[in-house]
Amino acid sequence: MKIKEETLQKIKAQIANEIIFARNYKQGKVTNWQKNEDLAYAKKVYNESSRSNIDLGRGEEFISTLLSKIDNTITFKFTKRKESQLMRVNRLNALKVIDQQNDDWDIKDLAGKEQMIVYGRAIFSYHAESIDGYKSCLENIDVYDFLIDPSAGGIDMEKAMYMGNYGVVKMKSDLKAGVKSGAYLKAETERLIEGSGNSTELNVEESNKRNREAAQGTISGNRNIGNPDKYIFWRWFTTYEGVKYYTLYEESSGTIIEIDELKNRFASDMSPYWSYARRPSLTEFWTPSPLDTVREIFYVQAVSINQAVDNSEQINKPQKAIDTSALENLAEVKYRKDGVIRVKSGIDVNKAIQILQTPSINAPFEVFNILENIQAKASGLTGATKGIAEEDKVGIYEGNQANAADRFGLYNKTYSFGYKRFAKLYEEGVREHLTKKVAIDMIGPNGVTQEEITRRDIFRKNEEFGCMVESSQAETALSEVDKKNQLTFLSQNMMNPVQNPKKAYEISAGIAGFSEEMIRELLDVSDFGDAQLMSEADKDIEDLLDGKFVKPNTGATTAYKQRFVDFMMNNSDDMDNEQKARFVAYLDSLEPIIMANMVRLMNDKMMKEQMMMQPQEGTPAEPPPTGNPLEEINQQPTNDTIQNY
């Protein structure tokens, strides 16, 4: 992008101010974060008041337990807004499954949730590429590397006037190639690469990370070896004179090597970040973390246990008050097997040696248990959720489980909000970059089939899909009471005409723990096939209206044909003569296909009925049906009838 020098300099100065302001605002959170890191990685801190100085690993225990309750992977789905979208939505969802596997979304999601537990925020970026074919790119952003306009609050990221992340690595060869292709600003980039790389420079972001490195037991220092060809940039999004810009910015030299309007960089006018918080706030982005709420409790528990260990050691190896003039050899006071302590003649041994009293060993344990109850109430991580509950009373146990389910379900609602933004970024990425064919797996009436698609097979102009973020299984999995109540209700209403049997079956299977794909395989394939065929009919109707050539559908049935007849009846006044003629010609071409398919379906139906009517041993067989399989075909609308529309 060509930009005036004066404008470029103003944007540089603006970015520098934005980074400093957002960094200083966030810096107040870093002290808490570093305390949490010490807990998370069991960092040994010297304690002068305790000889034992034992770390209990409570931080690791807390993180692992909570993570196990909210570890459900990303599960957003696209939904149709009209029947003709069914197959196209299914293709988009099938592509998402492949991208999720190839781009390791599950482990990245887990890493993000761990940062949310420790720091209160999980931050990601997403974009798609089509340089060497379509590619999906989900990236974790370390909280230390991310800055955002504090005035935007904690709900809608698009309210931020600026945001960005540090850590974008480019090699000198990348920069030279960017200059050659015209992607990077020539003068700015060439001036930057005249010197060495900046990978060993210690900025605030890298300095903040050093506590984490020390807590992990690695050497606290620069992690970069000092490659002179390595450069690290800020990917920074800013708003200047009402226009949103994307930039690559090198902070120490104040250099912008790449700048473009955001609308030119991405299909939508959205920045590529999405995020969620443990406790979303209308006014604050950097909110407290779950570990913040229990950290001080863990500190005091560690003190209590260390006191107990110190007391135990004092009991086993107590301090003694000794009258040194009463003993012949002080070395004999030390414990030895079958040892003898020689006391001078005429000395009362009870007065010569006195053992100092040690405080009760039970008091620290009582303090620990009281604090454990407080921690459980604060975090929701009770003995039951950890699998170590001692309560055997079923009613109390199930009630506690239901409360825990509600507690962890709240987490799901917070990160589901972030997934909705991710789904929008994903859809825009596919819409822009799926320019070459990609193979997907589709589940249909005949099992799994492979299909090659491009964006034209998914999207139509000026058309949008719906989106649904599937809720976590945490609530249902933990609440046995809810599961029983739901299954009982569904079974009691099995014969109720108001209840949809197919939907009731899907819900029951979901409660029982079956995956979505397993449920689809268990369902009657004929239902799946009918839904797919009707979607194809709607798509073919749209194509005929647009004047496109439509090949006769090889799966056409009387129901498929009826879809066209119904459409012509309902929309006759809105169709011109040319459109009507195309419809009639297309239906004429379907006649032999429908005849063959209906004969096959009726024969299959008769075969199934005969198999079901096979007599039991000793029971006379009933005569086979004598109906004509062509009778139903003859009842279908004739083309003479169609002409009247």
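# Report on a predicted chain

Phe567 counts as partly exposed, at 22% relative accessibility. That class sits between buried (under 20% relative accessible area) and exposed (over 50%), using a 1.4 Å probe and protein chains only. The model is a predicted one: local features need pLDDT of at least 70, side-chain atom pairs count only at pLDDT 80 or more, and totals for chains, interfaces and linings use all residues. Residues are numbered from 1 along each chain as its sequence is written, and side-chain values use heavy atoms, with hydrogens and water left out.

## The chain overall

The chain has 645 residues, and 44% of them count as buried. It contains 22 helices and 14 strands. These are DSSP runs numbered from the N terminus: helices are H or I with at least four residues, strands are E with at least two. Contacts reach far along the sequence. Of those between residues at least 6 apart, 71% join residues at least 24 apart. Contact here means heavy atoms within 4.5 Å.

## Aromatic rings

How many aromatic pairs does the structure hold? There are 38. Rings of Phe, Tyr and Trp (its six-membered ring) pair if their centres lie within 6.5 Å; planes under 30 degrees apart are stacked, over 60 edge-to-face, and the rest tilted. Phe567 and Phe583 make one stacked pair, with 5.9 Å between centres and 15 degrees between planes. This pair links distant parts of the chain. Phe567 belongs to helix H19 (residues 558-570) and Phe583 to helix H20 (residues 577-612), and the two are 16 residues apart. Phe583 is buried, at 0% relative accessibility.

Other rings group together. One aromatic cluster brings together Phe76, Phe78, Trp105, Phe124, Tyr126, Trp274, Tyr276, Tyr415, Tyr419, Phe422 and Tyr426.

## Tyr560 in helix H19

Helix H19 also holds Tyr560. Is Tyr560 buried or exposed? It counts as buried, because its relative accessibility is 0%. Setting aside residues up to four places away in sequence, Tyr560 touches Leu533, Met534, Glu536, Ala537, Asp540, Asn553, Tyr586 and Leu590. Take Ala537: it lies 23 residues from Tyr560 in sequence, yet their C-alpha atoms are 6.2 Å apart.

## Two helix packings

Helix H1 (residues 5-40) packs with H7 at an angle of about 10 degrees, and their axes are 9 Å apart. Axes are lines fitted to C-alpha atoms, for helices over the stretch in contact, and angles between N-to-C directions run from 0 to 180 degrees. So H1 is roughly parallel to H7. Angles under 35 degrees count as roughly parallel, over 145 as roughly antiparallel, 65 to 115 as roughly perpendicular, and the rest as oblique. From H1 come Arg23, Gln27, Val30, Gln34, Glu37 and Asp38; they meet Val204, Glu205, Asn208, Asn211, Arg212 and Ala215 of H7. This contact has three nonpolar, four polar and five charged residues. Here Ala, Val, Leu, Ile, Met, Phe, Trp, Tyr, Cys and Pro are nonpolar, Asp, Glu, Lys and Arg are charged, and the others, Gly among them, are polar.

Helix H2 (residues 58-69) and helix H4 (residues 105-119) cross at roughly 130 degrees, with axes that come within 10 Å. That makes H2 and H4 oblique to each other. Their crossing is right-handed, meaning the near helix is turned clockwise from the far one by less than a right angle; an anticlockwise turn would be left-handed. H2 brings Phe62, Ile63, Leu66 and Leu67 to the contact, and H4 brings Leu110, Lys113, Glu114, Ile117 and Val118. Seven of these residues are nonpolar, none is polar, and two are charged.

## Residues in loops

Three loop residues are set out here.

| Residue | Loop between | Relative accessibility | Class |
|---|---|---|---|
| Asp104 | helix H3 (86-102) and H4 | 44% | partly exposed |
| Leu202 | helix H6 (186-193) and helix H7 (204-215) | 46% | partly exposed |
| Asn462 | strand E13 (447-453) and strand E14 (466-469) | 76% | exposed |

Most residues other than glycine have a negative phi. Asp104 is not a glycine, yet its phi is positive, at about 55 degrees. Asn462 is not a glycine either, and its phi is also positive, at about 55 degrees.

Leu202 contacts Ser207 and Arg210, leaving aside neighbours within four places in sequence. Its C-alpha atom is 7.6 Å from that of Asn222, which is 20 residues away along the chain.
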